[in-house]
Amino acid sequence: MKQVVVIGAGTMGNGIAHTFAQSGFSVSLVDVSASALEKGMQTIEKNLDRMVSKQTISSQDKDNTLANINTYTELSQAARQAELIVEAATENKELKFRIFKEMDSLAPEGCILATNTSSISITEIASVTQRPDKVIGMHFMNPVPVMKLVEVIKGYSTSKQTFEQIYNLSETLGKVPVEANDYPGFVANRILMPMINEAIETLYNRVAGVQQIDTVMKLGMAHPMGPLQLADFIGLDVCLAILNVLYDGFKNPKYAPNPLLVNMVQAGKLGVKSGEGFYDYSQSKKAEKVSTMFGPEF
C-alpha cells in the first residue's frame, strides 16, 4: 500500500498527511477549499522546519516529505489510484456520511475507507457505503506527527483482513495501534471526555480556578497537561461534539455537556484555534506552546 488520500486539510488532516508522507507514502491531500490546502501545507512545512531545527529529521527528510504530497480540491482526481482514503473532516455525522458516499463511488474496488472520527459509529458510517467490510476507524491523536497512539476501530462488518492491514500499516507509520470495538467514544474519548467535562463542572461550581484545577491534575495525577488546557488544545467545539455523541449514544446524564462548555462554544471561545478558551493564546506563543506540550521533537 503506497497510494494514500487524506480528506481534510485542517489540524488532523494535515497532520495525518504529514505522517504518511514522512513515512514514504504518496499522499493526495484533498479539501474543497484551496486556501485551506495552502494553509495546511504551510503548517506541514512549518512543523517540518521545527523538526529540522530540533535535529530530529534532516533537511533532505523535509524535502522528501513535501515532495510526497500533492493537493487537490476534487476527490475525483485524487481517488483514482487510491489504496487507502482517510477522512479527517469536521466531527459532523451528516458531513461524514456525504463524504463516505462520495469516497465509495469514486475509489477503486479494493480501496479501504478509513475515518479519523473520535466518536461517531464506524458501523453507521459504513452503512452508507457498498463496502462496509472495508470501512474502519483510524483515530489518530493530535499532534499526529508526534503522538504514538492510533485507535483502530472495527465496525460491525469490518473484515479481519481490513483490520489486520490497517493495524500493520499503523505500525509502519511508527505508531502504536490499539484495537477497539465500535461503541460511542471508543476507548480514548469515552474515558477522556467525561474527565474534561468534570473539570469544567468543577470550574462551573467555583470549587477552584482554571490554573488550580490543571495544577492538581498535573502535579497530583502526573498528567502532562491539565484537562482544561487539553480541552483548549483539542478544541472546545470538538469536545462538545464528542460529549453530545456520548450522551446520545448512552442516554446517561453523566455525559451531558456542562452549560459553561456550551456557552463558550456558542461565544466562539474554542481554545487555541480561536485564540481564547480557558486560557488566552496569542498568535506569537502558539508554536512555543505546542513545542512545550509535546517535547523537543516537535
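**Reading burial and contacts at three residues**

Mentor: At 5% relative accessibility, T19 counts as buried. Keep in mind that this is a predicted model.

Trainee: Why does T19 count as buried?

Mentor: Buried means under 20% relative accessible area. T19 has 5%, so T19 falls in that class.

Trainee: Where does T19 sit?

Mentor: In helix α1, which spans residues 11-22.

Trainee: Which residues does T19 touch, leaving out those up to four places away in sequence?

Mentor: With that exclusion, T19 touches V144, P145, L173 and K175.

Trainee: Now the record. Which residues does the UniProt annotation "binding site" cover?

Mentor: The entry is unreviewed, and such annotations may be inferred rather than shown by experiment. This annotation covers G8, A9, G10, T11, M12, G13, D31, E91, K96, S118, N142 and K273. Take D31 and S118 from that list.

Trainee: Start with D31. Is D31 buried or exposed?

Mentor: Buried, because its relative accessible area is 16%. D31 lies in the loop between β2 (26-30) and α2 (34-53). Beyond four places in sequence, D31 touches G8, A9, A36, L37, Y72 and T73. G8 and A9 are also covered by the "binding site" annotation.

Trainee: What lies 3.0 Å from a polar atom of the D31 side chain?

Mentor: The backbone nitrogen of S33. The cut-off for a polar contact is 3.5 Å.

Trainee: And where does S118 lie?

Mentor: In the loop between β5 (112-115) and α6 (122-126). S118 is buried, at 8% relative accessibility. Its contacts more than four places away in sequence are E91, H139, G185, F186, N189 and I242. Among them, E91 is in the annotated set too.

Technical notes. Residues numbered from 1 in each chain as written. Predicted model: local features only at pLDDT ≥ 70, side-chain atom pairs only at ≥ 80, totals over all residues. Heavy atoms only, no water. Helix = DSSP H or I, 4+ residues; strand = E, 2+ residues; numbered from the N terminus. Buried < 20%, exposed > 50% of the residue type's maximum accessible area, 1.4 Å probe, protein only. Contact = heavy atoms within 4.5 Å. Polar contact = N/O pair within 3.5 Å; in protein donor to acceptor, adjacent residues only side chain to side chain.
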